Amino acid sequence: MKLRLPLILCFLCGIFMIVQFFVPPFTGVYDKLLNWVMIISIPALVIGLTSLIKLHSNRIIRKTPNMPYSTVAFVAMIVMALSGLIGGTGQGTWFEWMFKNIQVPMQATMFSLLAFYIASAAYRAFRARTLEATLMLVTAVLVMLARVPIGDFLWQHVMPDSVLQWKANLPEDVAGWILNVPSMAARRGIILGISLGAIATSIKIILGIERSYMGAGE
Amino acid sequence: MSFWEKIGSFDRRYIFALIALTVIVPLLIPIGMPITTTNEVKSVYDYIDALPPGSAILVALDYDPAALAELYPMSIAMLKHAYTKKIKVIGMTLWITGASLGDVVMREAAQGIAEQDKDYAYLGFVPSGAVAIMRMGQDISAVFNVDYSGKSISQIPVMKGIKNYKDISLVVDLAAGSTPEAWIAYAGTPHHVPIAIGVTAVSAVGYYPYLNAKQIIGLIGGMKGAAEYEKLIQARGRASVGMDSQSMTHIAIILLIIIANVSYFVIRRKNKKEIES
């Protein structure tokens, strides 16, 4: 029964969610089910918070090499939570001040570091070793050049008027073609593949063939 | 070690310094690159521009501070456009780290042109992503019974007469993740509400199939898309200023790739000759 009950529940809920899409009178039950899912997802946040506290407090207690980072994370978490709970999160609060002046610049800085690493990685790894790599390299350079204003700017300042009369924004047009034709075709294929895979997995879960969500190896 | 061998094993700190310079110098000494508008951005602008005053749009600010550089300018430009057209704006987020950011963005865009609760409402964060989108299709108040500040949404004037997607003229998802796919699948397709999206440049490529299939009315991609929107509303903002830096950085990366490849081929040729001799 311990195994059958979740399988039966999963089957009934799965079948109902498919059927309700075509049968409007089921709207009331559908709304209730959606409410349940939303309620169930809230404890996930609590579980996440609990495991975060557990992980960092363990590191602090055991004085591991990462203890200073854990201490900062732990203190920051408590200070942010307390300032939000006591003073609120709206305009002019301590929470908002810390969010705007500490969290925003820190997260933005972390993400902006990507530009430096991408430049370095491109310099080291982007080589025209094979035909495929050359095609990728040429495409990347064309899109990089055309998706910023300097592509058209250079084109319009280098090309003679006769060429410009034919095509005034050729780099932009070429990048547009790459994105709208070959790149889109590949992406569409990927989306179709993922969708078919998701449908197949969903059917397997509903029918009880795929049971890994109940526990590893069972 | 030959010149090209030295070039091939260039210390990456010089590359970092070069990129830093190409970002900082154009910000200090702007070049003012001309910005051309693309159809995918113009269609979002045109759609909002054609909405009659009093229409309502739902703006999902599904991003966190990491994507601020790209998504903040487009959020401000698009919201300012809606506010000046007297369109009701309902803001929300599916990202927990975007809850406070959404509040800040909505207020900053509204400065001097719109009033909270009267012209716009910010409902804050809701967990469970796709399920919340599905539930809002029946009743928005079932998902958000209070706004971000804790006020009951039945007490907010701008929310009067707005029950579900049937009362919304457009859903705009400004996203750093994959939430646009959920908005398209669970709001756009079943409820026939038009969807427009604004995403980071790196993920914009992934949404062209949806644009081509007319599942979204338009696409604002990265800082370039934001700069285009700023040009359309004739307000030079952060994205337009950043275009000079982005242009110079792209040129620097392209030059680096060319130099690295020349170095690679020279060294390969030299090695081949040595083996043959």
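**Notebook: A:A175 and the two chains**

I started with A:A175, which sits in helix 8 of chain A, a helix covering residues 170-180. A note to myself before going on: this is a predicted model.

Next I asked whether A:A175 is buried or exposed. I found 22 C-beta neighbours inside 10 Å, and the cut-off for buried is 20 or more, so A:A175 counts as buried.

Then I looked up which residues A:A175 touches, leaving out those up to four places away in sequence. The contacts are A:L142, A:V143, A:A146 and A:R147. I checked A:V143 further: its C-alpha atom is 5.1 Å from that of A:A175, although the two residues are 32 apart along the chain.

On to the meeting of the chains. I see 49 residues of chain A in contact with 45 residues of chain B. Which helices of chain A each supply at least two residues to the side that touches chain B? They are helix 2 (27-62), helix 4 (94-125), helix 5 (131-146), helix 6 (149-158), helix 8 and helix 9 (182-206). Helix 4 gives the most, with 16 residues. I also sorted the residues on this side of chain A by kind, and they come out as 28 nonpolar, 12 polar and nine charged.

Last, I turned to chain B and its domains. Domain 1 is made of two stretches, 3-30 and 250-276, while domain 2 runs over 39-236. How many Å separate the centres of these two domains of chain B? Taken over C-alpha atoms, I have 41 Å between them.

Key. Residues numbered from 1 in each chain as written. Chains lettered and ligands numbered in written order. Predicted model: local features only at pLDDT ≥ 70, side-chain atom pairs only at ≥ 80, totals over all residues. Helix = DSSP H or I, 4+ residues; strand = E, 2+ residues; numbered from the N terminus. Buried ≥ 20, exposed ≤ 12 C-beta atoms within 10 Å, placed from the backbone. Contact = placed C-beta atoms within 7 Å. Domains from an automatic or database assignment. Nonpolar A, V, L, I, M, F, W, Y, C, P; charged D, E, K, R; others polar.
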